[in-house]
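This report describes selected elements of the structure shown below. It deals with sheets, the helices that lie across them, and the surroundings of an RNA strand.

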Amino acid sequence: MLDIKIIRAEADKVNELLKRRNPELSIDEVLNIDEKRREAQTKADELRSHRKNLSKEIGIAIKEGKDTSEIQAHVKSMGDEISALEEKERELNEAQQKLLLSIPNTPDETTPVGESEDDNVVVEKVGEPTKFNFEPKAHWDLATELDLVDFDRGVKLSKTRFYIYKNKGARLERALIRFFLDVHTQKHGYTEYLPPLLVNSRTMTGTGQLPKFAEDMFKCEGEDLYLIPTAEVPVTNIYANEILKEEDLPICSTAYTPCFRREAGSAGKDTRGLIRVHQFNKVELVKLCTPEQSVEEHEKLTRDAQEILELLELPYRKVALCTADIGFSAKKCYDLEVWMPSYNNYREISSCSNMGDFQARRANIRYKNTKTGKNEFVHTMNGSGIAVGRTFAAILENFQDENGSVHIPKVLQEYTGFDIIE
RNA sequence: GGAGAAGUGGCUGAGUGGCUGAAAGCGGCUUCCUGCUAAGAAGUUGUAUGGGGAUAACCUGUACCGGGGGUUCGAAUCCCCCUUUCUCCGCCA
């Protein structure tokens with residue numbers, strides 16, 4: 001959520017930044033409502049103040065034994081007017097809040113300006129696309145032939161885009177999760193969490209999934225609970241409505257969770273394999289920090305995710321998303337894209353976004369600034385560290401041998417307990 | 001799931017209709033004092049949202065005592081609903 005005070009004070013700048021995302025975005029309507037809202041509040045405040053004073057006088061007069069019926073009648077008659085104004089105040093407040101919640105974050109000045117994902121900027125490339133002296137197979141074929149994933153029976157149990165890991169496939173997935181968590185907790189200093197997978201609508205609103213993206217999520221019938229689309233949601237909201245100590249920042253958290261997504265609107269895309277599914281595993285990195293720490297911590301967080309790919313010896317590139325492609329809550333975002341032979345292209349395997357104070361304002365996460373003595377909003381950021389299922393797919397494809405077997409990256413072997421799948 | 005009790009400021013804890021945004025204590029902050037691993041004294045100390053002011057200091061209105069509604073001229077205080085926590089029972093991995 002954007003700060004209404006900043007919208008008021010720097011309307012032109014905010015408008016310009018939003019239009020970099022999408023020319024149709026504008027804050028004019030919010031400003032219009034805000035003006036009416038403040039007007040209504042001022043009027044209501046004045047009337048309430050008047051009533052308060054008169055009520056005090058009544059109290060005093062009663063003690064003195066005076067007759068107060070006339071003035072009581074007068075104050076009572078003010079009631080309707082106050083009620084009406086309060087109703088108007090409440091309506092305008094709600095309208096403004098609703099509108100503010102649906103406006104995306106302003107992009108950072110350093111986010112490349114663009115009109116589509118084609119304008120994203122490759123900023124770093126590590127390794128070269130894997131070369132084969134045979135025709136490489138796609139991961140869905142390898143996984144089936146090596147009996148690592150049962151796609152058909154997954155569909156039987158649930159529906160399309162569900163699958164079952166089995167045998168060494170299940171073991172490899174588990175090894176990846178353990179490996180990622182160990183690196184981030186032991187080497188990078190993150191605190192590990194295992195949060196709820198079902199969260200309420202307030203929590204979903206805190207990180208920006210609601211109210212706009214309800215159709216992307218699985219909701220429990222008859223309950224105010226949603227399956228999380230990413231661990232970002234529960235982990236960022238851990239400190240919702242709290243005031244943190246400045247010396248405790250940055251708070252670096254990591255969590256493995258399954259993630260659940262409806263994938264509404266993506267029918268027909270990536271229908272095969274593990275790339276786009278309704279349930280997948282992910283290890284997430286989340287940081288809360290001061291505005292001063294923000295830029296550096298975001299770079300470090302991205303670096304922490306990159307290191308996983310490098311340890312696994314997977315070729316990848318780092319892409320700075322342009323203003324048209326960054327997420328709703330983000331002001332800046334790097335995607336890490338791993339080389340996928342079956343696509344003959346790079347595919348997103350991690351997305352590292354800096355939200356500034358956008359989520360903190362929604363979730364009300366603040367810290368006491370020791371210099372100013374004021375409570376200020378923290379900055380939040382998160383990134384995949386990294387997507388497990390897509391890593392699974394990338395390993396099968398990049399580490400396949402001519403005879404149809406798959407060898408395991410060195411660092412992973414102590415976790416899998418085997419060095420080849422054949 | 002059933003029964004009972006309770007939700008007040010950073011914490012402890014008063015307050016049962018008006019001068020209570022809220023006593024007191026603790027903690028925090030500021031200053032003073034003391035030559036000693038710390039004690040003492042004084043002052044200060046909630047959040048949100050408006051208005052004024054220079055987007056400062058500061059002044060000022062309103063709202064907030066778990067959440068929402070109601071009664072009343074006036075509600076932390078009375079009534080209703082919800083919620084959370086605790087205790088007991090039931091159930092259960």
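In this predicted model, helix α7, residues 167-187, lies across β4, β8, β9 and β15 and runs at about 10° to β9. Helix α10, residues 294-311, lies across β1, β9, β10, β11, β12 and β15, with an angle of about 5° to β15.

The strands named here belong to an open sheet of eight strands with mixed pairing, arranged in the order β1-β10-β11-β12-β15-β9-β8-β4. Its edges are formed by β1 (121-126) and β4 (191-193), each of which pairs on one side only. On average, neighbouring strands of this sheet are turned by 25° against each other, direction ignored.

Within this order, β15 stands between β12 and β9. Strand β15 covers residues 379-387 and is mostly covered itself, since nine of its nine residues are buried. The antiparallel pairings of β15 and β9 are set out below.

| Strand pair | Sense | Bridges | A bridge pair |
|---|---|---|---|
| β9 (279-289) and β15 | antiparallel | seven | Lys282 with Ala387 |
| β12 (345-356) and β15 | antiparallel | four | Asn354 with Met381 |
| β8 (251-260) and β9 | antiparallel | ten | Thr257 with Lys282 |

Lys282 of β9 thus appears twice: its bridge partner in β15 is Ala387, and Lys282 is also the bridge partner of Thr257.

A further open sheet has three strands in the order β7-β13-β14, again with mixed pairing. Strands β7 (242-245) and β14 (375-377) stand at its edges with a single partner strand each, so one side of each is left without a neighbour in the sheet. The average turn between neighbouring strands here is 40°, direction ignored. Strand β13, residues 365-368, pairs with β14 in the antiparallel sense over three bridges, and Arg366 stands opposite Phe377 in β14.

Which residues come nearest to RNA strand B? Of the 22 residues around this strand, they are Ser49, Ser55, Ile58, Gly59 and Val75. The elements that give two or more residues to this surface are α3 (28-63) and α4 (69-101). Helix α3 supplies the largest share, 16 residues. By residue class, the surface near RNA strand B divides into nine charged, eight polar and five nonpolar residues.

How values were computed
Residues numbered from 1 in each chain as written. Chains lettered and ligands numbered in written order. Predicted model: local features only at pLDDT ≥ 70, side-chain atom pairs only at ≥ 80, totals over all residues. Pairing = 2+ DSSP bridges. Axes fitted to C-alpha atoms, helices over the stretch in contact; angles between N-to-C directions. Near = placed C-beta within 6 Å. Nonpolar A, V, L, I, M, F, W, Y, C, P; charged D, E, K, R; others polar. Buried ≥ 20, exposed ≤ 12 C-beta atoms within 10 Å, placed from the backbone. Contact = placed C-beta atoms within 7 Å.
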